[in-house]
Each structure stands twice: as structure tokens, then as C-alpha cells.
Amino acid sequence: MTAPKVLTREQFEHASAVVMRDYRAFIGEGSPEPHDDPKVFATWHTSARTALGHLEQLLKLQTASGGAPSTEAAELLAQAISALGEAEDEDGAA
């Protein structure tokens, strides 16, 4: 059995930067209004949460491999999770 490949610090930073760039571009396009089309909004919301999940996993993997996760990535993740939680509270979504 071969040992799992561990990414270098630079690879983790690059991957995190790509996810953050794409997430910001996606969010920058604006979200659809939940009352206009609930299915479209739910799809958009799920896509945003999936991107954040990818970023969260990258940060966890980097920490587990002995690296220090990007402060910028950790801050973005915390802000986004908080914002999504507030949006769910306002909309009554689960």
C-alpha cells in the first residue's frame, strides 16, 4: 500500500485561492430572490454551500498535514457560513 500523497503548502494555497476566486465570482453575480423562484434559489444556495464545503475541506486537510491554513481563506469561510446561516434564519430554510 502506498502512502497518501500530501499536498505542499503552495499547492494548498493555490487550491484555496482558486476556490475563493471562483466563490467570489459566483457570489458577485448575485443571488436570485427566494420568492421569485424557490427552486432556482435553492440550487444557487446549494452551489454556494458546496463551494464553501470544498474550501473547508482544503483547510482541514492542510491543518491535518501540519500546515497553517490561509488566514484569508479561514476568514472568508467564517464570514460566508455566518451569512448563509443568517439567510437561512431569515428565509426559514433548513
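These legends go with a set of close-ups of one predicted model.

A few ground rules first: residue numbers start at 1 in each chain and follow the sequence as written, and side-chain values rest on heavy atoms, with hydrogens and water left out. Since this is a predicted model, local features need pLDDT of at least 70 and side-chain atom pairs count only at pLDDT 80 or more, while totals for chains, interfaces and linings use all residues.

**View 1. The whole chain is three helices and zero strands.**
Reading from the N terminus, the order is α-α-α. Helices here are DSSP runs of H or I with at least four residues, strands are E runs with at least two, and numbering goes from the N terminus. Of the 94 residues, 22% count as buried; buried means under 20% relative accessible area, exposed over 50%, and partly exposed in between, with a 1.4 Å probe and protein chains only. About 6,500 Å² of the protein is exposed, and carbon and sulfur atoms supply 57% of that (Shrake-Rupley areas with a 1.4 Å probe; for residues, only the protein chains shown count as cover). Take the contacts with a separation of 6 or more: 57% of them join residues 24 or more positions apart, a contact being heavy atoms within 4.5 Å. As for confidence, the mean pLDDT is 81, and 85% of the residues reach 70 or more; pLDDT is the predictor's confidence in each residue, from 0 to 100. Helix 2 scores highest with a mean of 88, and helix 3 lowest with 77.

**View 2. Helix 2 from end to end, with its buried residues.**
This helix covers residues 38-64. Its 27 residues should span 39 Å at 1.5 Å a residue, and the end C-alpha atoms sit 38 Å apart, which agrees; the expected span is 1.5 Å times one less than the number of residues. The buried set in helix 2 is Phe41, Trp44, His45, Ala48, Ala51, Leu52, Leu55, Leu58, Leu59 and Gln62. Just a reminder on spacing: an α-helix has 3.6 residues a turn, so residues three or four places apart point the same way. After the helix comes Gly66, with a positive phi near 95°.

**View 3. Phe26, Phe41 and Trp44 are linked by ring pairs into a cluster.**
The structure holds two aromatic pairs. Phe26 and Trp44 make a stacked one, at 5.4 Å centre to centre with 20° between the planes. Phe26 belongs to helix 1 (residues 9-28) and Trp44 to helix 2, so this pair ties together parts 18 residues apart in sequence. Phe41 and Trp44 have ring centres 6.2 Å apart and planes at 25°, so they stack too. The rule behind those labels: rings of Phe, Tyr and Trp (its six-membered ring) pair if their centres lie within 6.5 Å, and planes under 30 degrees apart count as stacked, over 60 as edge-to-face and the rest as tilted. Phe41 and Trp44 are three residues apart in helix 2, so about one helical turn separates them. Trp44 is buried at 14% relative accessible area and Phe41 is buried at 12%, whereas Phe26 is partly exposed at 25%.

**View 4. The largest nonpolar core has 15 residues.**
Tyr23, Leu52 and Leu55 have the most contacts inside it. Helix 1, helix 2 and helix 3 each supply at least two residues, and helix 2 gives the most, with six. A nonpolar core is a set of buried Ala, Val, Leu, Ile, Met, Phe, Trp, Tyr and Cys residues joined through side-chain atoms within 4.5 Å. Leaving out residues up to four places away in sequence, Leu52 touches Tyr23, Leu77, Ala80, Ile81 and Leu84.

**View 5. Leu76 in helix 3 and its contacts.**
Leu76 sits in helix 3 (residues 71-91) and is buried at 10% relative accessibility. Beyond residues up to four places away in sequence, Leu76 touches Met20, Tyr23, Arg24 and Leu55. Leu76 and Leu55 are 21 residues apart in sequence, with 9.4 Å between their C-alpha atoms.

**View 6. Two buried polar side chains, Ser16 and Gln62.**
Ser16, in helix 1, is buried at 1% relative accessibility. Its contacts, not counting residues up to four places away in sequence, are Leu55, Leu58, Leu59 and Ala73. Gln62, in helix 2, is buried at 2%. With the same sequence neighbours left out, Gln62 touches Arg9, Phe12, Glu13, Gly67, Ala68, Pro69 and Ser70.
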